[in-house]
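Trainee: I've got this model open and I'd like to go through the labels one by one. Can you tell me what earns each of them?

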Amino acid sequence: MTAIKAPFPIQTYFGGKSRIASEVWARLGDVPRYVEPFAGSLAVLLARPLPFTGREIVNDSDGLLVNAWRAMAHDPDAVTEYADWPATEADMHARHAWLVGRRDDITARLMGDPDWFDARAAAWWVWGIGLWIGGGWCSGEGPWRVQDRKLLHAGSDGRGIHRQLLHAGSDGQGVHRKLLHAGNDGRGVHRQRREGLLSVFEPLAERLRDALVMCGD
């Protein structure tokens, strides 16, 4: 079976466990209840040997990340719809500012309703982190802020957002690998892009169907 991976660059997370995931499962075995408090990219959960039994519970305090996992698990078609967008610098900054401005509200709604998610916010988060260079995506820190619907430099007190150029690697990161390398088989570019994204999100939805994705401290 092909390994399922996160649809965004896992090197974004300091202290990520992707390199030791196989060793974790070699030591744990097929445990009846698996709980991961700092889930991040879900590298360990997704590396679990199949088939398996028992209950799986993962948690992270980052509401935008948790919302992305919930939305991908429950509505991969909607996430695909919003994630299918060209890599444009203006949109990256606009969506970044939009997400940062709504992070607290999204987190509060995730904690108040175990079934709630926002597919558009999820798709924009996944889409944007694949274009972002290094860390700091949606951290809420930096001198840039939205004022009167304009992105303006507003001092250096660290309460805004960072502004960066797009990641310009030829292979793309995260979902953009699928968007950049859609094959040419006569079916139309738009359809190929959608199918490429669905091939990322649908296996995740199936894998996370019975997992409990929590958000909290």
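Mentor: Sure, let's begin with the cavity lining: β2 (55-60), α3 and β5 (212-215) each supply at least two residues of the lining of the largest cavity. Keep in mind that this is a predicted model.

Trainee: Which residues line the largest cavity?

Mentor: The lining is made up of Ala39, Gly40, Leu42, Val58, Asn59, Asp60, Leu65, Val66, Trp69, Val213 and Met214. The space inside the largest cavity is about 40 Å³, and the structure holds 1 cavity of 30 Å³ or more.

Trainee: What makes a residue count as part of that lining?

Mentor: A lining residue has an atom within 4 Å of a cavity point. Gly40 and Leu42 are among the residues listed for the largest cavity.

Trainee: Where is Gly40 found, and why is Gly40 called buried?

Mentor: Gly40 is in the loop between β1 and α2. Its relative accessibility is 9%, and buried means under 20%, so Gly40 counts as buried. Gly40 and Gly16 are 24 residues apart in sequence, with their C-alpha atoms 7.5 Å apart in space.

Trainee: And what about Leu42: buried or exposed?

Mentor: Buried, because 1% relative accessibility is under the 20% cut-off. Leu42 also belongs to the loop between β1 (33-36) and α2. Check its backbone too: Leu42 has a positive phi of about 60 degrees although it is not a glycine.

Trainee: On to α3. How do you know that α3 is largely enclosed?

Mentor: Of the 12 residues of α3, 11 are buried, so the helix is largely enclosed by the rest of the structure. Leu65, Val66 and Trp69 are among those buried residues, and they are also among the residues lining the largest cavity.

Trainee: What span does α3 reach, and what is expected?

Mentor: Helix α3 (residues 63-74) reaches 16 Å from its first C-alpha to its last, close to the 16 Å expected at 1.5 Å a residue.

Trainee: What caps the N-terminal end of α3?

Mentor: Asp62 does: a side-chain oxygen lies 3.1 Å from the backbone nitrogen of Leu64. A polar contact needs an N or O pair within 3.5 Å, so 3.1 Å meets that distance limit.

Trainee: Which residue caps the N-terminal end of α6?

Mentor: Asp118, with a side-chain oxygen 3.0 Å from the backbone nitrogen of Arg120. Helix α6 (residues 119-129) is mostly covered, with 10 of its 11 residues buried. Trp124, Trp125 and Trp127 are among the buried ones.

Trainee: Speaking of Trp127, why is the charged end of Arg95 said to sit over the ring of Trp127?

Mentor: The charged end of Arg95 lies 4.6 Å from the centre of that ring. The label asks for CZ of Arg within 6 Å of the ring centre and within 35 degrees of the ring normal, so the distance of 4.6 Å fits the first part.

Trainee: Why is the pair of Trp25 and Tyr34 called tilted?

Mentor: Start with the count, which comes to 3 aromatic pairs. In the pair of Trp25 and Tyr34, the centres are 4.9 Å apart and the planes make 45 degrees. Planes under 30 degrees apart count as stacked and over 60 as edge-to-face, so 45 degrees makes this pair tilted.

Trainee: Are those two rings on buried or exposed residues?

Mentor: Buried: Trp25 has a relative accessible area of 5%, and Tyr34 has 7% relative accessibility.

Trainee: What makes Leu212 partly exposed?

Mentor: Its relative accessibility is 32%, and partly exposed lies between 20% and 50%, so the label fits Leu212. Leu212 is found in strand β5. Leu212 and Val35 are 177 residues apart in sequence and 9.5 Å apart in space, C-alpha to C-alpha.

Trainee: Why does Pro114 get the exposed label?

Mentor: Exposed means over 50%, and Pro114 has a relative accessible area of 59%, so Pro114 is exposed. Pro114 is placed in the loop between α5 (89-112) and α6. Pro114 and Leu212 are 98 residues apart in sequence, yet 9.0 Å apart in space, C-alpha to C-alpha.

Trainee: What kind of peptide bond joins Leu50 and Pro51?

Mentor: A cis peptide bond, with omega at about -5 degrees. Pro51 is in the loop between α2 (43-46) and β2.

Technical notes. Residues numbered from 1 in each chain as written. Predicted model: local features only at pLDDT ≥ 70, side-chain atom pairs only at ≥ 80, totals over all residues. Heavy atoms only, no water. Phe/Tyr/Trp six-rings, centres within 6.5 Å; stacked < 30°, edge-to-face > 60°. Buried < 20%, exposed > 50% of the residue type's maximum accessible area, 1.4 Å probe, protein only. Helix = DSSP H or I, 4+ residues; strand = E, 2+ residues; numbered from the N terminus. Expected span 1.5 Å × (residues − 1). Polar contact = N/O pair within 3.5 Å; in protein donor to acceptor, adjacent residues only side chain to side chain. 1 Å grid on protein atoms, 1.4 Å probe; cavity = no way out; pocket = protein on both sides within 12 Å on 5 of 7 lines; lining within 4 Å. Points joined across faces, edges and corners; volume = space filled by probe spheres on them.
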